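Please work through the following exercises with the sequence and the model at hand. Each task is followed by a solution in steps.

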Amino acid sequence: METARVLVAADKFKGSLTAVQVAERVTAGLRRVAPGVRVETLPVADGGDGTVAAAVAAGFERREARVTGPLGDPVTAAYAVRETTAVVEMAEASGLQHLPAGVFAPLTATTYGSGELLLAALEAGARTIVFGVGGSATTDGGAGMLAALGARFLDADGKPVGPGGGGLADLATADLSRLDPRLGEIDLILASDVDNPLTGPKGAPEVYGRQKGASEDDIAVLDAALAHYASVLGPDHARLPGAGAAGGIGYGALVALGARFRPGIEVMLDVLGFAPALARATLVITGEGSLDEQTLHGKAPAGVAAAARAAGIEVVAVCGRLALAPEALGGAGIRRAYALTELEPDPAVCMAEAGPLLERVAESIARDFLS
């Protein structure tokens with residue numbers, strides 16, 4: 001009988017295990033039951049937080065830059081480079097992880113540092129930049145990012161508008177003529193798992209503002225300010241898929257930087273070399289912290305499963321929590337899902353003991369599929 005070849009291509013279990021740790025724990029559990037199994041690991045991400053880590057695990061070089069955080073204070077942000085391709089994760093510069101516990105700034109948080117991070121990638125010689133957007137603390141339409149890249153946003157008195165989405169209500173003129181000219185010579189790929197427009201009922205403030213600390217009044221202010229901003233820069237781009245990603249930074253990249261939108265997991269599978277790894281596998285194990293309705297809309301496990309199904313390779317999934325019926329899993333190309341909550345129903349214990357529990361789950365997969 002041919003030796004099984006397993007590809008572990010899972011995302012992080014948010015709050016408990018990184019994607020790299022998920023791969024390590026699954027491998028350990030598989031080998032405890034099936035010592036001869038050949039395991040290849042390819043941690044994946046969908047453009048949100050963890051994207052740079054996945055690129056580094058796949059052989060990219062990790063670099064760091066000192067940039068402006070969402071509140072205006074300096075932060076250290078990582079990006080990844082391999083030859084002339086860079087992977088930049090906006091959350092590294094402008095993400096919720098840079099906010100102190102319980103502190104939000106929905107009207108003033110800025111993406112300026114994300115622009116500085118793109119500049120660092122340009123300085124590193126990147127000709128292709130995969131710009132992963134998600135996990136942002138910001139709702140400024142990418143205005144801060146564009147300002148860092150050379151744009152000027154002025155009020156009626158010719159003074160720069162204030163930081164964040166709230167300041168855009170005072171915007172009178174936008175000068176994009178001073179944008180770094182190198183931006184016109186690169187391929188900038190906007191990688192996101194959301195396809196929301198900039199404003200409106202499905203726009204960035206309404207759908208994502210509350211998780212960034214916005215009150216109902218703040219959401220109304222931000223939606224109006226972003227609509228005004230778009231009327232100055234170009235309203236057509238505001239309706240494009242991905243314009244509302246990461247507080248509207250997608251819009252800024254689309255309207256001013258010539259970015260092209262692609263589902264984050266599709267981009268990352270290309271960048272990480274998933275196709276050749278898949279060709280070597282007889283079983284794929286994917287997963288993330290929670291397998292739920294959101295998973296089916298562009299999250300990493302759905303992308304991995306779709307690619308594996310197209311190649312005729314069986315897929316199983318691991319997760320902390322399972323909220324999908326077997327029919328939904330099957331429709332996504334996942335034969336079976338194994339949840340940590342099946343072993344430990346207390347969610348707090350599940351998160352604290354995720355590593356050992358995941359090893360036990362992997363032992364079950366080995367007994368069910370590799371024996």
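The exercises below concern a predicted model and proceed from the whole chain to single residues.

**Exercise 1. Overall form**

Task: Determine how many helices and strands the protein chain has, and judge its radius of gyration against the globule rule.

Solution.
Step 1. The secondary structure of the protein chain consists of 16 helices and 13 strands.
Step 2. For 371 residues the globule rule gives 21 Å, and the radius of gyration of the protein chain is close to that, at 21 Å. The chain is therefore as compact as a globular protein of that length.
Step 3. Along the principal axes, the C-alpha atoms fill a box of roughly 75 × 45 × 35 Å.
Step 4. Of the contacts in the protein chain with a separation of 6 or more, 71% join residues 24 or more positions apart.

**Exercise 2. Surface and charge**

Task: Describe the burial, the exposed area and the charges of the protein chain.

Solution.
Step 1. Buried residues make up 54% of the 371 in the protein chain.
Step 2. The exposed area of the protein chain is about 14900 Å², of which carbon and sulfur atoms supply 51%.
Step 3. The protein chain carries 30 positive and 44 negative charges, and the mean positions of these two sets are 6 Å apart.

**Exercise 3. Cysteines and disulfides**

Task: Establish how many disulfides the structure holds, and state whether Cys 319 is buried or exposed.

Solution.
Step 1. The count of disulfides in the structure is zero.
Step 2. For Cys 319, the nearest cysteine sulfur belongs to Cys 350 and lies 9.5 Å away. A disulfide requires two cysteine sulfur atoms within 2.5 Å, and Cys 319 is in no disulfide.
Step 3. From the side of Cys 350, the nearest cysteine sulfur is that of Cys 319, at 9.5 Å, and Cys 350 is likewise in no disulfide.
Step 4. Cys 319 counts as buried because its relative accessibility is 0%. Cys 350 is also buried, with a relative accessible area of 6%.

**Exercise 4. Helix 10**

Task: Explain why helix 10 is described as largely enclosed by the rest of the structure, and identify which residue just after this helix takes a positive phi.

Solution.
Step 1. Helix 10 spans residues 245-256, and 12 of its 12 residues are buried, so the helix is largely enclosed by the rest of the structure.
Step 2. Among the buried residues of helix 10 are Ile 249, Tyr 251, Leu 254 and Val 255, including also the glycines Gly 247, Gly 248, Gly 250 and Gly 252.
Step 3. Ala 246 lies in helix 10 and is buried, with a relative accessible area of 10%.
Step 4. Most residues other than glycine have a negative phi. Ala 246, although not a glycine, has a positive phi of about 50°.
Step 5. Just after helix 10, Gly 258 takes a positive phi of about 70°.

**Exercise 5. A positive phi in a loop**

Task: State where Glu 83 lies and whether Glu 83 is buried or exposed.

Solution.
Step 1. The position of Glu 83 is the loop between strand 4 (74-82) and strand 5 (85-89).
Step 2. Glu 83 has a relative accessibility of 74% and therefore counts as exposed.
Step 3. The phi of Glu 83 is positive, about 55°, although Glu 83 is not a glycine.

**Exercise 6. Loop residues and their contacts**

Task: For Thr 139, Gly 135 and Thr 110, give the loop, the degree of burial and the contacts beyond four places in sequence.

Solution.
Step 1. Thr 139 sits in the loop between strand 6 (128-132) and helix 5 (143-148). At 2% relative accessibility, Thr 139 is buried. Its contacts beyond four places in sequence include Pro 106, Lys 212, Leu 222 and Gly 247, and Gly 247 is one of the buried residues of helix 10.
Step 2. Gly 135 also lies in the loop between strand 6 and helix 5, but is partly exposed, with a relative accessible area of 31%. Beyond four places in sequence, Gly 135 touches Ala 91, Gly 95, Leu 96 and Gln 97.
Step 3. Thr 110 belongs to the loop between helix 3 (90-94) and helix 4 (112-123). At 9% relative accessibility, Thr 110 is buried. Its contacts beyond four places in sequence include Ser 94, Thr 138, Asp 140 and Pro 163.

Terms used:
Residues numbered from 1 in each chain as written. Predicted model: local features only at pLDDT ≥ 70, side-chain atom pairs only at ≥ 80, totals over all residues. Heavy atoms only, no water. Buried < 20%, exposed > 50% of the residue type's maximum accessible area, 1.4 Å probe, protein only. Helix = DSSP H or I, 4+ residues; strand = E, 2+ residues; numbered from the N terminus. Rg over C-alpha atoms; globule rule 2.2 N^0.38 Å. Contact = heavy atoms within 4.5 Å. Areas by Shrake-Rupley, 256 points an atom, 1.4 Å probe, with all protein chains shown as cover. Lys, Arg positive; Asp, Glu negative; His and termini not counted. Charge placed at Lys NZ, Arg CZ, Asp CG, Glu CD.
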